[in-house]
Amino acid sequence: MHRSAYVDPEIFAAEKERIFNSSWLYVGHLSEIDQPGDFVTRRVAGRDLVLSRDSTGVMRCFLNACPHRGAKIVREKTGNARSFTCIYHAWQFNNAGKLIGLNGPETYAPDFKADPLHQLQPVPLLDEYRGLVFVNFDAGAQTLREYLAGATEFLDLIMDQSQERMVLIGGVQEYAMRANWKLLAENAVDVFHLQPLHPTYFDMIGALSGSQPSFRGLKGEAHYLGNGHTVVEMDTPAGRPIAKWMPGWGEESKASIERVYADLVRRFGEERAFRIANRNRNLVLFPNLVINDHISLTIRCTEPVAPDAMDVTVWGLAPEEEASNTVAVKRRLTSFIEFLGPGGFATPDDIEALELCQKGFANMREAPWNDVSKGMVSDTASWMDEGQMRYFWLEWQNRLLSNSKVAA
């Protein structure tokens, strides 16, 4: 892959136009807007958005800009409100986005408030799958189900961990990285880096479990799921909070975890229950959403900022029935923070490695190529190879075919 793809401002501009303006992009989770009036604010593809549930219970997503003079209206990250008022000139909107109040209404035309241009503008497309909410800025795009393609199989494996539904737990982790956004997508399905880059973490897991975890002999597969989505699925050398106990969690937790596994068998049968409880998954939904389902279960979303910069937001996910179980939530959040948190054992390592890659791209003139050929001599797709990265890059290239500066 030519390293210009990570550094060229024109390529970055083409990505924003031809990928982020037409892909389904993650904006939030239904558990964040449970009650009428609930809202969260997000930045997606360079746009400030308000994801909310109006007073009648309908899910909404608006551009966070006053139709009057363009001021950002909702400044809080989360809350509950029946209406939103712009601080600049006091235009007021209900939580369905309708203009309901004006400063000096007698100075406007009688039907001014009914004009569609004077309402909070909704995103062109809004939909959800198994609690994950997505937006699309292309009104003519394919449906969300069509876009997710084969990824729904793996989303179902994740969401079926709950008897009822999955919910976000423990707030949000936010950090920035001086690296191109695509590097984090690559990193998510690059299992080969785990042991050389994160030895301290695996030493800790070995101390907790009584034996040093090893990837040798573990079974795993890499799958292309369509539309640029990829996944690696593998056996795990450690525990999984849903229903795979490990000694570091204490003997007192073993019985409750075994009960969860028995319930999975009752609901899905032995084969699917084993897959849900005992196999790890790293799922990349093109272009910028990663779901890590291993010793912790997290949703990780990147926001491209510049060719060499991204913002990263990460949430913990858990079965709703665990939300009131202090011990189970602590176990999940501890695993999340210890490994994937911005101060954990893995994320600082990843940031250092990816930022070093970005720095190395300064040598692009004399050293212009990244190699992603590992595994190409094999007839089978291995989870330890780089085939899943190539699928990501092929989708990326297909979206940018008209850009002559792209070379792959």
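**Entry 1: the E16–E17 hairpin**

I started at alanine 306, whose bridge partner in E17 is alanine 309. The model I am reading is predicted. I then followed the chain across the turn: a hairpin of two residues links E16 to E17. For the pairing of these two strands I noted eight bridges, in the antiparallel sense.

**Entry 2: the other side of E17**

I looked up what E17 pairs with besides E16, and found E11, again antiparallel, over 10 bridges. As a sample position I took methionine 177, which has methionine 310 in E17 as its bridge partner. I also checked the cover of E17: 10 of its 11 residues are buried, and the strand is mostly covered.

**Entry 3: the whole sheet**

In what order do the seven strands of this open sheet come? I read it off as E11-E17-E16-E15-E14-E13-E12, with antiparallel pairing. The edges are strand E11 (166–177) and strand E12 (220–226), and each of them pairs on one side only. Direction ignored, neighbouring strands of the sheet are turned by 15 degrees against each other on average.

Next I looked for what packs on this sheet, and recorded helix H4 (residues 151–159). H4 touches E11, E12, strand E13 (229–235), strand E14 (279–285), E15, E16 and strand E17 (309–319). I put the angle between the direction of H4 and that of E14 at about 130 degrees.

I went back to one more pair within the sheet. Strand E15 (residues 289–293) and strand E16 (residues 297–306) are antiparallel and share five bridges. Within this pair, leucine 289 has cysteine 301 in E16 as its bridge partner.

**Entry 4: the three-stranded sheet**

I then turned to an open sheet with the order E1-E10-E9, also antiparallel in its pairing. Strand E1 (25–29) and strand E9 (125–129) are at the edges with a single partner strand each, so one side of each has no neighbour in the sheet. The twist here averages 30 degrees from one strand to the next.

For E1 and strand E10 (residues 132–136) I noted four bridges and an antiparallel run. Glycine 28 is one of the residues I looked up, and its bridge partner in E10 is valine 133.

**Entry 5: H8 against H9**

How do helix H8 and helix H9 pack? I have H8 (residues 254–268) and H9 (residues 270–278) at an angle of about 135 degrees, with 7 Å between their axes. The two helices are therefore oblique to each other. I logged the crossing of H8 past H9 as right-handed.

I listed the contact from both sides. H8 contributes Tyr261, Leu264, Val265 and Phe268. From H9 come Glu270, Arg272, Ala273, Phe274, Ile276, Ala277 and Asn278. By class, I get eight nonpolar residues, one polar and two charged in this contact.

**Entry 6: tryptophan 393**

Last, I looked up tryptophan 393, which sits in helix H12 (residues 387–399). Is tryptophan 393 buried or exposed? Its relative accessibility is 4%, so I count it as buried. Leaving out residues up to four places away in sequence, tryptophan 393 touches Met1, Ala5, Tyr6, Lys182 and Glu186.

I also took one distance, from tryptophan 393 to leucine 168. These two are 225 residues apart along the chain, and 30 Å separates their C-alpha atoms.

Notes: Residues numbered from 1 in each chain as written. Predicted model: local features only at pLDDT ≥ 70, side-chain atom pairs only at ≥ 80, totals over all residues. Heavy atoms only, no water. Pairing = 2+ DSSP bridges. Axes fitted to C-alpha atoms, helices over the stretch in contact; angles between N-to-C directions. Contact = heavy atoms within 4.5 Å. Parallel < 35°, antiparallel > 145°, perpendicular 65-115°, else oblique. Left-handed = near helix turned anticlockwise from the far one by under 90°. Nonpolar A, V, L, I, M, F, W, Y, C, P; charged D, E, K, R; others polar. Buried < 20%, exposed > 50% of the residue type's maximum accessible area, 1.4 Å probe, protein only.
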